[in-house]
Amino acid sequence: RISNLTELHVSKNQMKKLPETCNRWIRCEKIYATDNHIKTIPDGVCEMPNLTVLDLDRNKLRTLPEAFIICSSLTLLHFDTSEMVKASPAKELPAGIRRCEIPAEIAIRGVDEIIKHFFKM
């Protein structure tokens, strides 16, 4: 049953999006959806009370939903920033950084905060 789902592994499936109804996966703690064609994250992800890991590396993410501010359980957000840079050419990341693994509380603040995070390192 999908309601008992605790981890979702859907990497390398040519997915274009995660289901809008993912907020029904109330027990889900980890989503691994790397190497797909996902451009946006549905707001429903932000309503998943137990989600701690969201791995969307090697996708085509252009933005993070504003609702990420309410993702209190999320501790790791892993994604590829190259498409975000293309979508916002005025905002550039430091040379060579195209994949990032940063704390979710930094990522939800947007590209400017991600850049600040890397310059502090």
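Is lysine 12 buried or exposed? In this predicted model, lysine 12 is exposed, with a relative accessible area of 65%. The residue sits in the loop between β1 (7-9) and β2. Its backbone also deserves a look, for lysine 12 has a positive phi of about 55° although it is not a glycine. As a rule, most residues other than glycine have a negative phi. Aspartate 35 likewise carries a positive phi of about 55° without being a glycine, and will return below.

With that starting point in place, the overall architecture can be set out. The protein contains three helices and five strands, arranged along the sequence in the pattern β-β-β-β-α-β-α-α. Of its 121 residues, 45% are buried. Among contacts between residues at least 6 apart in sequence, 27% join residues at least 24 apart.

A word on confidence is useful before turning to details. The average pLDDT of the protein is 76, and 64% of the residues score at least 70. Residues 88-100 have a pLDDT below 50, and this stretch makes 29 contacts in the model beyond near neighbours in sequence. Where pLDDT is low, the predicted coordinates should not be read in detail. The contacts listed for residues 88-100 come from a stretch with pLDDT below 50, and no single one of them is discussed here.

The interior comes next. The largest nonpolar core has 24 residues, and those with the most contacts inside it are Trp25, Ile31, Val45, Met48, Leu54 and Leu56. Strands β3 (53-56) and β4 (76-80) each supply at least two residues of this core. Leucine 56 offers a helpful view of the surroundings. Leaving aside residues up to four places away in sequence, leucine 56 touches Leu18, Ala33, Ile38, Ile41, Leu61, His78, Phe79 and Asp80.

One of these partners, histidine 78, lies in strand β4. Its C-alpha atom is separated by 5.8 Å from that of leucine 56, although the two residues are 22 apart along the chain. Histidine 78 has a relative accessible area of 11% and is therefore buried. The side chain of histidine 78 also takes part in a polar contact of 3.4 Å with the side chain of aspartate 55.

Cysteines are a natural point to check at the bench. A search of the whole structure finds zero disulfides. For cysteine 22, the nearest cysteine sulfur is that of cysteine 46, 8.4 Å away, and cysteine 22 is in no disulfide. For cysteine 28, also in no disulfide, the nearest cysteine sulfur belongs to cysteine 22 and lies 8.6 Å away. Since a disulfide requires sulfur atoms within 2.5 Å, the distance of 8.4 Å for cysteine 22 and that of 8.6 Å for cysteine 28 fall outside the cut-off. Cysteine 22 is buried, with a relative accessible area of 0%, and cysteine 28 is buried with a value of 0% as well.

Charged residues complete the picture. The structure holds two salt bridges. In one of them, aspartate 35 pairs with arginine 58, with the closest N and O atoms 2.9 Å apart. This pair links distant parts of the chain: aspartate 35 belongs to the loop between β2 (30-32) and β3, arginine 58 to the loop between β3 and β4, and 23 residues separate them. Aspartate 35 is partly exposed at 26% relative accessibility, and arginine 58 is partly exposed at 35%. Aspartate 57 also forms a salt bridge with arginine 58, its closest N and O atoms being 2.8 Å apart. In this case the acidic partner, aspartate 57, counts as buried at 1% relative accessibility. Through shared partners, the salt bridges join Asp35, Asp57 and Arg58 into one network.

Asparagine 59 lies in the loop between β3 and β4. At 6% relative accessibility, asparagine 59 counts as buried, and its side chain reaches two backbone atoms. The backbone nitrogen of histidine 37 is reached at 3.3 Å, while the backbone oxygen of aspartate 57 is reached at 3.3 Å. Aspartate 57 is thus contacted by asparagine 59 through its backbone oxygen and paired with arginine 58 in a salt bridge.

How values were computed. Residues numbered from 1 in each chain as written. Predicted model: local features only at pLDDT ≥ 70, side-chain atom pairs only at ≥ 80, totals over all residues. Heavy atoms only, no water. Core = buried A, V, L, I, M, F, W, Y, C linked by side-chain atoms within 4.5 Å. Buried < 20%, exposed > 50% of the residue type's maximum accessible area, 1.4 Å probe, protein only. Helix = DSSP H or I, 4+ residues; strand = E, 2+ residues; numbered from the N terminus. Contact = heavy atoms within 4.5 Å. Polar contact = N/O pair within 3.5 Å; in protein donor to acceptor, adjacent residues only side chain to side chain. pLDDT = per-residue confidence, 0-100. Salt bridge = Lys/Arg side-chain N within 4 Å of Asp/Glu carboxyl O.
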